[in-house]
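Trainee: I should like to work through this structure by question and answer. May we begin once it is displayed?

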Amino acid sequence: MPDMKPNLFANVEAKPGSAKPDPIIVADGITRQFGGLTAVDVDHFEVQRHAITALIGPNGAGKSTFFNLLTGFDSANTGTGTFNDMKLDGMSSANVARAGMVRTFQLTKALNRMSVIENMRLGAQHQSGENVFTAMLAPLWRKREDEVTAQAEELLDRFQLLDKQDDYAGSLSGGQRKLLEMARALMSKPSMIMLDEPMAGVNPALTESLLDHIVALKDEGMTVLFVEHDMHMVRRISDWVVVMAQGKIIAEGDPHAVMANPAVQDAYLGSHHDTDLFEERA
Amino acid sequence: MDINDILQIIVAPTTAAFALAAIGLNFHYGLTGLFNMGQAGFMLIGMYGYAITVSQGGSMWLGILISLVGAVLFALFLGWPTLRLRGDYLAIVTIAAAEMVRLIGRSQWLKEWTGGNTGLRGNQFKPPFENLSPFQPPRIVESGPFSFHTTTWWLMLVAWIAVAVTAGLFWRLSKSPWGRVLKGIREDEDAVRSLGKSVYSLKMQALIIGGVLGAAGGVVWAHGNAVQPDSMGRVTTFWIWTMLLLGGAATVLGPILGSVLFWAMFVFIKQLAPLILPDLPPQQIEPLALAFVGVGLILLIVFRPQGILGDKREISLDA
């Protein structure tokens, strides 16, 4: 046997709404209207398990709204969805997270007035001390707290934040806060992580390590779906790219094929994205 | 000037009553970031629930139970429509609801139970508690600078034990995983939701606990004074806020220190005013003292927004 992982997408058709061999998310007929505006109108959408899928598209394409619909932060006007064969319809955002799909935000939501380690502990599940009655009796939750702390320190170490653990999150740099948010999301040991523009506002030096972290998540068996405008990053780490424009999925495929697609260039990248601006004028 | 008056107010039942209400508000604002602008309403619910039950022939224990259950129901009633919305709505609804309780209390409609605008006299509801006093026979007892009737000593003992127990409860809960989730909610609800916590339910729990403590403060206050609806108006809520912010929100001892300082300052100014302004009519002394409390609050926000015991990195008014 060759020591190569099988290409999960070998037999997947590169067309909008294509079926995947082992989908973790399946959504059908999802629409979301704001007044007269249809922000999202997706016929069929599948996300392959154990892969990194990128969701790209121009501003206002409905990517973030679609993200919010999938994670329970908004409810769709029509449509159904499943995550790990669980029905997502009407599920609260907290329940979606408990089911194993955890998200981060475009504008980082580190809890600035709490310490880094407390931020991390907050991400853990199954802490009985979060019940108001058991909270009064420390022996009932102390053991779990120790486990959670150990797990948090391990993750902080991996994300090079361990020496900052007692600092307030507000004292971290923007990029470190992004790392903290991602590490915190991992505390719940999710099966899927949804990253909303993980690179926005992160300096180039940190970008590399952030990319490595995301790839490492896949190697650990997690499924990653991310929204991103940085095409360099999309090309580097994603296995599959989904393109949205005006609320609809207009193309799917592997990164290189998608970026060569004339429809994608029209809607998003621009037909002259390779040409120099001054050359164009001359 | 009588220094003993200032020392007496520091340990008085009124100070303990407001410390309880301020600890309750600390659960709301300090821990969870909820803007409850109607803590006086919870105090009124507590004092009416207790005093009406006892004056209608119920036992003291039943009175306490009814006042606390009343606060739970009041919190559910206020929180149910507002806790899903932005924080401002809770503030609007609580300030209006507290006024509703006061206006219903003082209306002639339920005069038979509430006593209308004159309220309920102490002897209608105080005897069951006072009869439990271990300090017999009833007389004035002096101890150091303090000179109180035995019933007041008994009330102060119970009230300050209640304050200590409540402060312990706040300490335990604020340093527990439950308290951590609430602090997260104070910072950013959506972030906490994205981590799989039921934000609505936790905010409701905080609102209920803080409200119940407000009601307990109301019961103590009624025992130290009488049931009088107009003594718990909008201004009372702002007093409680001043105490909390003065002592330091989100701290264990802040609300207690705040209540003590507030009342000591109040009595001090009331004593000082006639010495400095001998022509001031007596009925204007109290408003003047309150005006100084307002100035104090402004200075506090300018120079120490986190309060005396607070940590500026964790919570402060100017952020």
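**Strands, a helix and an interface**

Mentor: Ala27(A) has Gly81(A), in strand 4 of chain A, as its bridge partner. The model is predicted, so local features need pLDDT of at least 70 and side-chain atom pairs count only at pLDDT 80 or more, while totals for chains, interfaces and linings use all residues. Residues are numbered from 1 along each chain as its sequence is written, and chains are lettered from A and ligands numbered from 1 in the order in which they are written.

Trainee: How many bridges join strand 1 to strand 4 of chain A?

Mentor: Strands are DSSP runs of E of at least two residues, helices runs of H or I of at least four, both numbered from the N terminus. Two strands pair if DSSP finds at least two bridges between them. Strand 1 (residues 23–34) and strand 4 (residues 78–83) of chain A run antiparallel, and the number of bridges joining them is five.

Trainee: Which are the edge strands of the open sheet with the order 2-1-4-5 in chain A?

Mentor: That sheet has four strands with antiparallel pairing. An edge strand here pairs on one side only, which applies to strand 2 (37–48) and strand 5 (86–87) of chain A.

Trainee: Is strand 9 of chain A largely enclosed or not, and how many of its residues are buried?

Mentor: A residue is buried if 20 or more other C-beta atoms, placed from the backbone, lie within 10 Å of its own, exposed if 12 or fewer, and partly exposed in between. Trp240(A), Val242(A) and Met244(A) are buried on one side, and Val241(A), Val243(A) and Ala245(A) on the other. Strand 9 (residues 240–245) is therefore largely enclosed by the rest of the structure, the buried count being six of the six residues.

Trainee: Which residue takes a positive phi in the hairpin of strand 9 and strand 10 of chain A?

Mentor: These strands pair in the antiparallel sense over five bridges. The hairpin has two residues between the strands, and the positive phi, near 50°, belongs to Gln246(A).

Trainee: Which helix of chain B gives the largest share of the side that touches chain A?

Mentor: Residues are in contact if their C-beta atoms, placed from the backbone, lie within 7 Å. By that criterion, 24 residues of chain B are in contact with 27 residues of chain A. Helices 8, 9, 10 and 11 of chain B each give two or more residues to this side. The largest share, seven residues, comes from helix 9 of chain B.

Note on methods: Two residues are in contact if their C-beta atoms, placed from the backbone, lie within 7 Å.
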